[in-house]
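User: Hi! Could you walk me through this protein in simple terms?
Analyst: Happy to. Let's look at it together.

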Amino acid sequence: MASLLARIVIRAANRELEIPTGLFINNEFVPSADSPNELIHAVNPATEETICSVVAGSAKDIDIAVAAARKAFNTTWGKNVTGFERSKLLNKLADLIERDQDILAEVESLNNGKPFKIARDFDIGDSIQCLRYYAGWADKITGQTIEVDNKVKLAFTRHDPIGVCAQIIPWNYPINMWAWKVAPALACGCTIVMKPSELTPLTALMLSKLIAEAGFPPGVVNTIPSLGSVGGVALSAHMDVDKVAFTGSTVTGRKVMEAAAKSNLKKVSLELGGKSPQLVFESADLEQAANWACLGILYNTGQDCTAGSRLYVQDTIYDKFVPLLVSKAKELVIGDGFDEKSGGGPVVSKTQFDKVWRYIESGSAQGAKLALGGQKRPGKGFFVDPTIFTDINANMDIVRDEIFGPVLAVGRFKTEEEAISLANNTSYGLGAGLHSTDANQCMRVSSALEAGTVWVNQYNMLNNNVPFGGKKQSGIGRELGSYALEEYTSVKAVHWNFGEKLDWPL
């Protein structure tokens, strides 16, 4: 049998690492049951070179992983272990990730392209906090006692773990999205079959190794790298999966939901796309508004479901604000993730690179004016520099569609009512932002914006104790905060008769 380990070199850190490349089932790395020669090739988007190859799971491998998760749920996890024990293991896992955060960040940067410092300090730092947050919830999941008739009856509710959960995560935040999904599910007592993106499978396999080291029983977390058309389809339609959680595009989210409905009507949570607006009103601190607008569209090189890709500026400050915005966007260095100067890396793949450039070309062809960017770099790497369009209208592709790159469309408005109308003119509803020093205006506009998250005088900042999710075609359900626990529990009502005698016949 071929080795299920790959050796890779992190040149910037002068480090050689061993990375598991097998499927993770029952706390072991194993080959595919029926497709041993099928591989997924992990590519470095900064160099376009293959880092290593991992086993590509098949539908049969999904079946084996689901069976392992079901057995664990019925025997060593689920209702068979206390919340205190679940909490202890989650905290242990967080400690191990903290111990290995430099190594994890190096591989994340290598495979995803994002700067090492951002992967370590933000993505992994937040993931550690997320695990510890839900470790705190594990022994605090409670129901209600409900008065029915104090003399003869009572009712109470139990929040039971929902069961075996399929979790399908994207490539833009591989470690972070892993933690967002895994932490609440494990806190509630669920077991997991995880399908990482085929573009970024490496850190999910490294985290799986830490699952075993932390002491989770075999089968509690299983990881099957596979193509979406194979593993994603099999999990969404699987008759023994109780819930599927998906983060990705709206197009794929529809397919997941359809498969869930046509199979066993499994519970579904979807965190999907966005075309999020930011509004800059005339009372705003323009320096700060420009900083937050840049963060909103350029963080993670625009590969963010909440990217503030539409910016509307009040006409009285438009001519002053746009040059300020452009000058600040120019300051961001898009470069190799191991260069300390880089604030952003390449986009994740050739497919994504080509998609972003199609939209940039479309923007120019449809009449938008380039205020920044629009020139391809020579050489290797999927690098896209900050790009800003002005003179936009609502019918342009760059205004309507999610691009998932560092491309900003800037428009203008006269009145508050027009700003709200422009912001809400989208089929998405994930995030929105506004910048104003008028407190009454902040309350009015934040109430009127149709989005699951609204930021006031900031953007893209999330907290593990605050819920996150979308409206409209941006998804169903919530992640983070206590609200995420509802996605992984099933409420059971127990009616207890301790005194009423039934006369029969009726």
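**Overall shape**

Analyst: The protein chain has 506 residues and a radius of gyration of 24 Å, which agrees with the value near 23 Å for a compact globule. That radius is taken over C-alpha atoms, and the globule rule is 2.2 Å times the number of residues to the power 0.38. This is a predicted model, where local features need pLDDT of at least 70, side-chain atom pairs count only at pLDDT 80 or more, and totals for chains, interfaces and linings use all residues. Residues are numbered from 1 along each chain as its sequence is written, and side-chain values use heavy atoms, leaving out hydrogens and water.

User: How many helices and strands are there?
Analyst: The protein chain has 15 helices and 22 strands. They are DSSP runs numbered from the N terminus: helices are H or I with at least four residues, strands are E with at least two.

User: What about the largest nonpolar core, which residues have the most contacts inside it?
Analyst: Ile8, Leu93, Ile97, Trp178, Leu186 and Phe216, in a core of 73 residues. Helix 5 (residues 174–188) gives the most to this core, with 11 residues. A nonpolar core is a set of buried Ala, Val, Leu, Ile, Met, Phe, Trp, Tyr and Cys residues joined through side-chain atoms within 4.5 Å.

User: And how much of the chain is buried?
Analyst: Buried residues make up 57% of the 506; buried means under 20% relative accessible area, with a 1.4 Å probe and protein chains only.

Methods:
Buried < 20%, exposed > 50% of the residue type's maximum accessible area, 1.4 Å probe, protein only.
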